[in-house]
Amino acid sequence: MESWLDSNLYRIRRTFGWIGPASIHPYRELGTQRELSVHGRVLAGAQTREAHPDDSWGRNAAAVIRALASDEIPDAAIRARFGSDAVETVTNDEGYFHASVTSDGLAGWRDVEIELVDTPSVRATAQVLVPPEDAQFGVISDFDDTIIVTDVPRPLRMITLMLFRNAFSRQAFEGTAELYRALAAGSDGTGSNPLFYVSSSSWNFYPMLEQFLEHNGFPAGPILLRDIGLEKDHFLAEGNEHKLGKLERILKTYPKLLFLLIGDSGQDDPYLYAETMRRHPGRIRAIYIRDVSSKKRAAVAALAAQVNDQGSVMRLFSSAAEAAEWAREAGWIA
């Protein structure tokens, strides 16, 4: 029903010229020395207004509603170009596109140019991360209640923060950005270990999360979110399978890289991370879980004890300083 409604409303808007100018919204993605993945969305109009530190709660609420009411453009022809390689694809019913281009074999952030085939003046630049071959390890981190205060166990508080705060007024956990910068720099303080951010939040919130990371000094990294809708594989209840799939994708994309997983006890991160460790023996250096739920503390502590008894590492931390001390003792940060 949702798909039928979206499709017919789009046809009506197109017939009467009610569709604004198209805009391309690329997301930071994964890359290797052979291939660069490109992912984004084509929307009618800019859709998002840049947040400012002095925005009122009313402006913030209006921005959230505008982001959630995204006006996607289906079947838009997209061209992705990197060097001499160019590929074309079309957006799906929700306006999303996926493509891959041949890499130049270099590490670091690679810029892929994206344009509408029918309107080449509508373009954007997609950033794709290629980890260096000498990376010591990678970090995969959750967002909500791991680096950004969300209060997921308290739904009313969570909704209030989401509606009335923006990237500047949302609170980061103290010391977490410093911890992540140290992990990116590695044991000698000069490395380039990649960071990946995974969340069950909607892609509609991507601009806010990207701006939040930049404003609070977190290392830049690919941000992997999800499409939320009424279809079975998009529904809220499917969030755990989504996150597990994202973890699998990252580990399979970089089969030689070891990882540190960081999450929180408010939802199912401990169990998803333990399952990832089970599926990929020897690939997960440690699991760090921020202790944010007193109700789940005993159960998560029991899971951690089970993981540790099996020779792996899962630890609950209450502050970034505590996690940093463990990482320093393990020789992962300077």
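These are legends for close-up views of a predicted model.

**View 1. Helices α4 and α9 pack against each other.** Here we're looking at α4, residues 176–185, next to α9, residues 320–329. Their axes sit 9 Å apart and make an angle of about 20°. Angles under 35 degrees count as roughly parallel, so that's the label α4 and α9 get with respect to each other. As for handedness, α4 passes α9 in a left-handed crossing. On the α4 side, the contact comes from T176, L179 and L183, while α9 brings in A320, A323, A324 and A327. Sort the residues of this α4–α9 contact by type and you get six nonpolar, one polar and no charged.

**View 2. E72 and R41 pair up through their side chains in a salt bridge.** The N to O distance is 3.6 Å. This pair ties together distant parts of the chain, with the two positions 31 residues apart in numbering. E72 lies in the loop between α2 (57–68) and β4 (77–82), and R41 belongs to strand β3, residues 35–44. Buried or exposed, what is E72? The cut-off for buried is under 20% relative accessible area, so E72, at 11% relative accessibility, counts as buried. R41 has a relative accessible area of 4% and is therefore buried too.

**View 3. K243 and D142 form a salt bridge between distant parts of the chain.** Their side chains meet at 2.9 Å, N to O. K243 sits in helix α6, residues 239–253. D142, 101 residues apart from K243, is found in the loop between β9 (138–141) and α3 (155–164). Both K243 and D142 are buried.

**View 4. D291 and R297 meet in a salt bridge.** For this side-chain pair the N to O distance comes out at 2.6 Å. How accessible are the partners? With a relative accessible area of 22%, D291 is partly exposed. R297 also counts as partly exposed, at 38% relative accessibility.

**View 5. A salt-bridge network takes in R79, R81, E88, E115 and R123.** In this one, the salt bridges share partners, and that joins R79, R81, E88, E115 and R123 into one network. As a bit of background, side chains of opposite charge can pair when their charged atoms come close. For the overall tally, the structure holds 16 salt bridges, including E72 with R41, K243 with D142 and D291 with R297.

Methods
Residues are numbered from 1 along each chain as its sequence is written. This is a predicted model: local features need pLDDT of at least 70, side-chain atom pairs count only at pLDDT 80 or more; totals for chains, interfaces and linings use all residues. Side-chain values use heavy atoms; hydrogens and water are left out. Axes are lines fitted to C-alpha atoms, for helices over the stretch in contact, and angles run from 0 to 180 degrees between N-to-C directions. Helices (H or I, at least four residues) and strands (E, at least two) are DSSP runs, numbered from the N terminus. Angles under 35 degrees count as roughly parallel, over 145 as roughly antiparallel, 65 to 115 as roughly perpendicular and the rest as oblique. A crossing is left-handed if the near helix is turned anticlockwise from the far one by less than a right angle, and right-handed if clockwise. Contact means heavy atoms within 4.5 Å. Ala, Val, Leu, Ile, Met, Phe, Trp, Tyr, Cys and Pro count as nonpolar, Asp, Glu, Lys and Arg as charged, and the others, Gly among them, as polar. A salt bridge is a side-chain nitrogen of Lys or Arg within 4 Å of a carboxyl oxygen of Asp or Glu. Buried means under 20% relative accessible area, exposed over 50%, partly exposed in between (1.4 Å probe, protein chains only).
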